[in-house]
Number of protein chains: 2
Amino acid sequence: MSKEKIPYKIYLSENEMPTAWYNLRADMKNKPAPLLNPATLKPMEAADLAPVFCDELIAQELDDTTPFFAIPEEVLTYYKMFRPSPLIRAYFLEKQLDTPAKIYYKFEGNNTSGSHKLNSALAQAYYAKKQGLKGVTTETGAGQWGTALSMACAYFDLDCKVYMVKVSYEQKPFRREVMRTYGASVTPSPSMETEVGRKILEAHPGTNGSLGCAISEAVEKATETPGYRYVLGSVLNQVLLHQSVIGLETKTALDKYGVKPDIIIGCAGGGSNLGGLIAPFMGEKLRGEADYRFIAVEPASCPSLTRGRFAYDYCDTGMVCPLAKMYTLGSGFMPASNHAGGLRYHGMNTVLSQLYADGVMEAVSVKQTSVFEAAEQFARAEGILPAPESSHAIRAAIDEALKCKETGEEKTILFGLTGTGYFDMVAYEKFHDGNMSDYVPTDEEIAGNLAGLPKVD
Amino acid sequence: MSKEKIPYKIYLSENEMPTAWYNLRADMKNKPAPLLNPATLKPMEAADLAPVFCDELIAQELDDTTPFFAIPEEVLTYYKMFRPSPLIRAYFLEKQLDTPAKIYYKFEGNNTSGSHKLNSALAQAYYAKKQGLKGVTTETGAGQWGTALSMACAYFDLDCKVYMVKVSYEQKPFRREVMRTYGASVTPSPSMETEVGRKILEAHPGTNGSLGCAISEAVEKATETPGYRYVLGSVLNQVLLHQSVIGLETKTALDKYGVKPDIIIGCAGGGSNLGGLIAPFMGEKLRGEADYRFIAVEPASCPSLTRGRFAYDYCDTGMVCPLAKMYTLGSGFMPASNHAGGLRYHGMNTVLSQLYADGVMEAVSVKQTSVFEAAEQFARAEGILPAPESSHAIRAAIDEALKCKETGEEKTILFGLTGTGYFDMVAYEKFHDGNMSDYVPTDEEIAGNLAGLPKVD
């Protein structure tokens with residue numbers, strides 16, 4: 001523990017980087033419920049998952065007892081392209097807010113994918129290559145995951161086939177070109193390339209697409225193409241495992257300076273960033289070694305934790321994927337088309353769902369306009385132009401810092417700045433022009449979707 | 001000097017950051033020739049420049065004897081938002097090229113402006129604020145400088161009026177939105193807002209614009225608006241002074257590991273990045289303390305050093321700015337419209353021009369397609385998607401590394417990676433689709449432009 005002035009940016013050295021991922025499930029008393037086979041409604045076993053996922057990733061997905069998984073040497077080497085990522089003390093923002101709070105953020109946007117997604121993409125591409133596969137398929141919403149996977153596949157010399165949610169494909173044409181630079185092929189979803197895509201287009205012509213729907217297409221393509229598997233950038237437990245590198249680095253950096261956060265905040269769509277950031281801190285809390293407040297921040301337009309139901313549901317719109325016990329709005333839920341950022345997924349990772357159900361984590365939902373107000377305020381104070389997704393966490397962090405201003409409390413607030421908004425300028429333009437709406441689903445809409453949940457005991 | 005393994009990324013700590021800018025002119029025996037007043041053709045004095053530039057920046061512009069200028073405390077604080085920038089060992093690229101060469105690059109793209117331009121923007125905005133000004137005007141080509149200035153003006157609470165070269169304004173609409181996020185106003189140039197803009201539009205309807213023309217508009221606006229001055233992101237000696245922070249950090253980082261580069265490479269448009277990167281190394285060379293090869297890399301479509309003339313010329317198309325003795329293609333030179341990146345300026349900074357004339361620096365020109373080939377190769381190897389400007393330096397660095405492969409020499413190559421290409425995906429798309437041309441001006445075109453140079457003894 002050092003008493004020197006905390007720098008603006010804390011960089012660990014490369015030999016301080018974590019060499020193993022941390023599996024939070026090992027420390028959970030209430031384990032997340034198992035995935036269910038959609039055909040039999042029995043717990044999925046490795047053999048059931050093998051046609052879809054890579055073998056070693058399945059092992060990670062199903063393992064809720066092993067606390068650490070060594071990061072393979074090749075993955076660790078590629079991590080050094082962009083990791084350790086900086087933990088930034090928000091001196092400028094603190095001053096602008098005139099708050100006694102101390103604010104830190106872990107910035108994961110300093111790589112070409114522009115987000116934390118590369119942490120898991122590298123791991124998944126590595127295991128696919130190790131298994132001797134020819135390629136992988138995936139879906140992407142805002143395009144961060146697709147970009148990350150394209151990069152990882154370029155490094156490991158794998159084919160990469162991306163189904164991109166249609167509204168993002170159209171709003172973010174440059175993302176497509178970045179993926180192409182790394183050699184990927186990109187298709188707007190729903191597409192006519194798959195059976196599930198054709199069905200959805202028939203039922204909902206002119207749909208803007210959704211993550212759930214793009215997942216269904218990517219899974220179908222993977223299982224019907226020899227030498228291919230499907231990979232996923234969020235929602236799954238294996239992804240949270242890989243993303244634990246965010247929290248592990250953050251904790252090492254804070255410990256070096258003797259800093260203990262009071263509140264830890266992350267945006268939550270499928271849960272990958274939030275789960276990764278909080279992992280080692282939540283582990284301490286579950287083991288009774290320390291206490292923290294954890295806040296998941298989700299869009300008011302897609303409020304799975306705050307307004308969904310904790311129940312078994314399909315992970316995808318097409319109902320071909322396993323069922324997970326999670327907070328869900330129903331697999332048929334489609335966020336409003338004016339919703340700008342990512343975080344469009346109808347459910348929430350099972351680990352995070354269980355933690356929320358157990359009352360060890362809080363959740364809030366925030367409206368779109370207030371998110372972009374926070375984004376612009378942050379950009380002008382801290383310089384970094386944040387992704388809309390990340391700006392949900394910024395909104396909550398600013399709100400907590402302003403509460404400290406009222407009460408005079410010197411709380412330490414940590415949040416995850418998952419990425420940059422360079423490819424989201426269409427959304428920023430809407431905000432600047434006053435064309436952004438704050439649509440929130442009605443109780444009836446949500447109840448209608450939830451009525452269709454599968455019946456599972 | 002340390003013998004430990006050189007990490008992938010070398011980050012200095014904040015207390016290792018330079019606290020003064022280095023003025024290379026102080027170590028030059030042949031000083032760059034003075035600017036001339038366009039009306040009288042006599043050397044410009046501070047009083048002549050005062051209506052256009054901020055007072056302290058004029059002092060820096062005209063000073064060719066003071067070796068160091070202290071970086072103001074407030075500028076140093078804002079530098080800590082994004083500096084020190086990483087010096088990266090290109091292990092992945094070396095492996096891909098299978099070269100015995102050791103390649104390093106100083107990466108200046110890890111900030112929202114996406115380039116090194118913020119180094120000088122912060123300094124210039126600081127001095128403008130200190131002088132009590134209301135706002136500043138400027139031009140921008142690729143948009144990097146305009147974005148950087150918008151950010152700096154947001155921090156120092158100054159109005160910011162940007163004239164953006166029309167072709168970039170159209171090809172990079174998202175850049176405009178970034179500038180707007182930071183509160184700037186942006187006008188495509190040539191515009192009807194200024195007399196010089198109206199004249200150029202009359203003479204060349206449908207022109208794509210040029211940096212020289214946008215400069216003329218910004219200068220006119222600044223001099224005719226009370227409380228405004230003009231600021232410039234390249235070409236000027238003051239900008240090279242501020243950009244010396246790049247070279248100073250690089251040298252400190254290399255010295256820590258006992259590394260001495262054999263070849264130092266930078267892209268060259270107006271010269272700001274190249275001049276900043278090489279400054280402390282060139283100082284050593286001029287003082288006889290060390291020797292290095294320096295290579296300026298320019299686009300074949302705008303080859304001021306390699307095909308221009310070393311002569312006095314106007315700094316702007318409108319011929320309202322001072323004359324500078326520099327390598328120039330003539331102030332009326334307009335690069336072909338299919339030219340994708342920045343580096344469109346007709347001349348070259350006077351310091352770099354003098355060094356080139358004195359034979360202590362080399363220059364090469366490279367064609368557009370080969371630049372994008374290098375960019376894509378680099379992106380797939382090193383992860384970072386480079387700006388087209390920066391990719392000129394990458395092209396030359398790869399070429400030198402491949403020469404080492406032939407000869408077996410283990411040379412150490414250092415180049416400046418000035419920025420990222422996230423806002424240049426239209427150019428990448430042209431490259432992917434095979435729609436990029438390698439137009440090079442003919443000898444007759446260049447001779448025709450040079451025939452119009454002003455007559456100055």
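Hi all, this is a quick walk through two pockets and the way two chains relate.

First, this is a predicted model, where local features need pLDDT of at least 70, side-chain atom pairs count only at pLDDT 80 or more, and totals for chains, interfaces and linings use all residues. Residues count from 1 along each chain as its sequence is written, chains are lettered from A in the order in which they are written, and side-chain values use heavy atoms, leaving out hydrogens and water.

So, how are the chains related? Chain B superposes on chain A by a rotation of 180° with 0.0 Å of shift along its axis, RMSD 0.0 Å (least squares on C-alpha atoms with pLDDT of at least 70 in both). That's the relation of a two-fold axis.

Now the largest pocket (an open set of points on a 1 Å grid where a 1.4 Å probe fits, with protein on both sides within 12 Å along at least five of seven lines; lining residues have an atom within 4 Å of a point). Its volume, the space filled by probe spheres set on the points, is about 950 Å³. There are 36 lining residues, and nearest the centre you'll find Tyr11(A), Leu12(A), Ser13(A), Tyr11(B) and Ser13(B).

What about the second largest pocket? That one has a volume of about 430 Å³. Of its 25 lining residues, those closest to the centre are Val52(A), Val219(A), Val320(A), Cys321(A) and Pro322(A). The biggest contributor is α10(A), with 6 residues (helices are DSSP runs of H or I, at least four residues, numbered from the N terminus).

Technical notes:
Helices (H or I, at least four residues) and strands (E, at least two) are DSSP runs, numbered from the N terminus.
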